[in-house]
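Please go through the model below with me. I would like short questions, each followed by a reasoned answer.

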Amino acid sequence: MGKNILVVDDSALMRMVLCDILNADQRFQVADRAKNGKEALELLTKNKYDAVVLDVNMPVMGGLELLKELQTRKIPARVMMASTDTRGGAKVTLDALELGAIDFVHKPGNIKNCQTDEFRKELLETLAAVASSKETTFGKSFSMGSIKTTKKFVSMVKKHTVVGNKIVAIASSTGGPKALQAVIPKLPKDLNAPVVLVQHMPVGFTNSLAERLDSLSEVTVSEAREGEVLQKGHVYLSKGGMHMNITSDQRKSCIHYSNEPNREGVKPCANYMYESLINSPFDQVVCVVLTGMGLDGTEGIRNLKAKKQTYVIAQQENTCAVYGMPKGVVKAGLSNQIVELENVAQEIIMNVGVQ
């Protein structure tokens with residue numbers, strides 16, 4: 001018996017197309033449909049669903065308003081956004097993820113394009129991850145209290161010298177934008193290492209994510225630019241649609257983008273980032289693998305660890321939205337440490353130190 005899905009969309013034709021795609025897959029069955037957030041809220045108050053497919057722009061009550069209501073009323077739901085807004089409206093999508101949506105797909109405005117194999121595959125794979133997620137809509141990731149606690153920790157670390165030239169390399173996917181808010185804002189501005197980051201996102205979203213993380217953080221966070229020289233205390237987020245590599249000589253390390261095909265089904269792919277660090281001048285690479293579906297990171301870290309001193313931190317299963325990528329490195333025997341999300345930043349600081 002398939003997982004029960006609630007489909008929320010104001011277009012009757014789009015509801016029919018989405019429901020046909022889901023019902024044709026034995027993993028799912030559409031249990032209910034709603035044409036706006038108000039109808040969906042009434043259904044979610046009475047019934048339980050394995051996942052909700054939610055549009056953004058709807059009359060009476062839109063998708064963001066529904067997410068706010070679910071948080072206010074503490075009604076748990078696993079929500080995937082499916083909207084024509086998700087690509088052009090990167091800020092709206094990030095708002096939805098911050099309000100508790102677990103992931104998103106871009107819904108083509110043309111009904112014919114919604115019936116392509118490419119869209120079907122993306123919709124079904126993303127929904128499968130969301131429906132099996134441990135996350136629900138009212139979990140919080142960012143709090144000033146946790147940042148204050150980390151600041152006390154930083155003052156203690158300053159008394160201990162951490163030697164060596166190090167770099168932090170983070171990989172994340174489904175649930176990542178929210179998880180990153182529990183890590184990056186806790187890093188001190190005088191972190192004694194640069195941070196490179198691959199978050200699986202389409203073209204047009206990563207700059208908005210970088211700006212949002214930067215606004216919450218002491219470290220500088222930006223979408224990495226071609227040829228940019230890596231600096232300590234700076235987080236470089238790979239832009240969507242390209243693979244981020246680190247090229248190095250004895251004096252400096254720089255960002256370089258390449259356009260190879262998708263790897264592990266994604267672009268950017270963290271495997272490329274990790275492998276590009278094999279010949280870098282860093283004494284140690286601190287790899288951090290956060291929540292996400294798939295196995296991106298495992299092969300790259302295996303290849304990196306065979307050639308270079310590498311320390312691997314994997315997010316603990318019970319704090320992952322989707323325990324895929326961290327599970328990959330743990331099962332492969334590559335992890336040095338398995339850490340709850342709230343403690344990841346502290347372990348990064350312990351490993352690389354502060355200036």
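Q: In which helix does V17 lie, and is V17 buried or exposed?
A: This is a predicted model. V17 lies in helix 1, which covers residues 12-23. Its relative accessible area is 5%, and the cut-off for a buried residue is under 20%. V17 of helix 1 is therefore buried.

Q: Leaving aside neighbours within four places in sequence, which residues is V17 in contact with?
A: One of the partners is far from V17 in sequence: V17 and Q115 are 98 residues apart along the chain. In space, their C-alpha atoms are 7.7 Å apart. With sequence neighbours within four places left aside, the contacts of V17 are I111, C114 and Q115.

Q: Why is helix 2 described as roughly parallel to helix 3?
A: Two packed helices are described by the angle between their axes and the distance between the axes. For helix 2 (residues 37-46) and helix 3 (residues 63-73), the axes are 10 Å apart and the angle is about 30 degrees. Angles under 35 degrees count as roughly parallel. Helix 2 is therefore roughly parallel to helix 3, at an angle of about 30 degrees.

Q: Which residues of helix 2 and helix 3 meet, and how many of them are nonpolar, polar and charged?
A: The crossing of these two helices, helix 2 and helix 3, is right-handed. On the helix 2 side, the residues in contact are G37, A40, L41, L44 and T45. They meet L66, E69, L70 and R73 of helix 3. By class, the contact has five nonpolar, two polar and two charged residues.

Q: How many salt bridges are there, and how far apart are N and O in the one between D95 and R212?
A: The count of salt bridges comes to 14. One of them joins D95 in helix 5 (residues 90-98) to R212 in helix 9 (residues 206-216), 117 residues apart. Both D95 and R212 are buried. The N to O distance between D95 and R212 is 2.8 Å.

Q: Which parts of the chain does the salt bridge between E98 and R212 tie together?
A: The closest N and O atoms of E98 and R212 are 3.4 Å apart. E98 lies in helix 5 and R212 in helix 9, so the salt bridge ties together parts that are 114 residues apart in sequence: helix 5 and helix 9.

Q: Is E98 buried or partly exposed, and is R212 buried or partly exposed?
A: Buried means under 20% relative accessible area, and exposed means over 50%. E98 has 39%, whereas R212 has 16%. E98 is therefore partly exposed, and R212 is buried.

Q: What does the salt bridge between R263 and E299 tie together, and which of the two residues is buried?
A: The side chains of R263 and E299 meet at 3.0 Å, N to O. R263 lies in the loop between strand 11 (253-258) and helix 10 (270-276), and E299 lies in helix 11 (residues 298-307), so the pair ties together parts that are 36 residues apart in sequence. E299 is partly exposed at 37% relative accessibility. At 16%, the buried residue is R263.

Q: How many residues of helix 13 are buried, and which residue follows helix 13?
A: Helix 13 spans residues 344-352 and is mostly covered. Its buried residues are V344, A345, Q346, I348, I349, N351 and V352, which is seven of nine. The residue that follows helix 13, with a positive phi near 80 degrees, is G353.

Terms used:
Residues numbered from 1 in each chain as written. Predicted model: local features only at pLDDT ≥ 70, side-chain atom pairs only at ≥ 80, totals over all residues. Heavy atoms only, no water. Buried < 20%, exposed > 50% of the residue type's maximum accessible area, 1.4 Å probe, protein only. Helix = DSSP H or I, 4+ residues; strand = E, 2+ residues; numbered from the N terminus. Salt bridge = Lys/Arg side-chain N within 4 Å of Asp/Glu carboxyl O. Axes fitted to C-alpha atoms, helices over the stretch in contact; angles between N-to-C directions. Parallel < 35°, antiparallel > 145°, perpendicular 65-115°, else oblique. Left-handed = near helix turned anticlockwise from the far one by under 90°. Contact = heavy atoms within 4.5 Å. Nonpolar A, V, L, I, M, F, W, Y, C, P; charged D, E, K, R; others polar.
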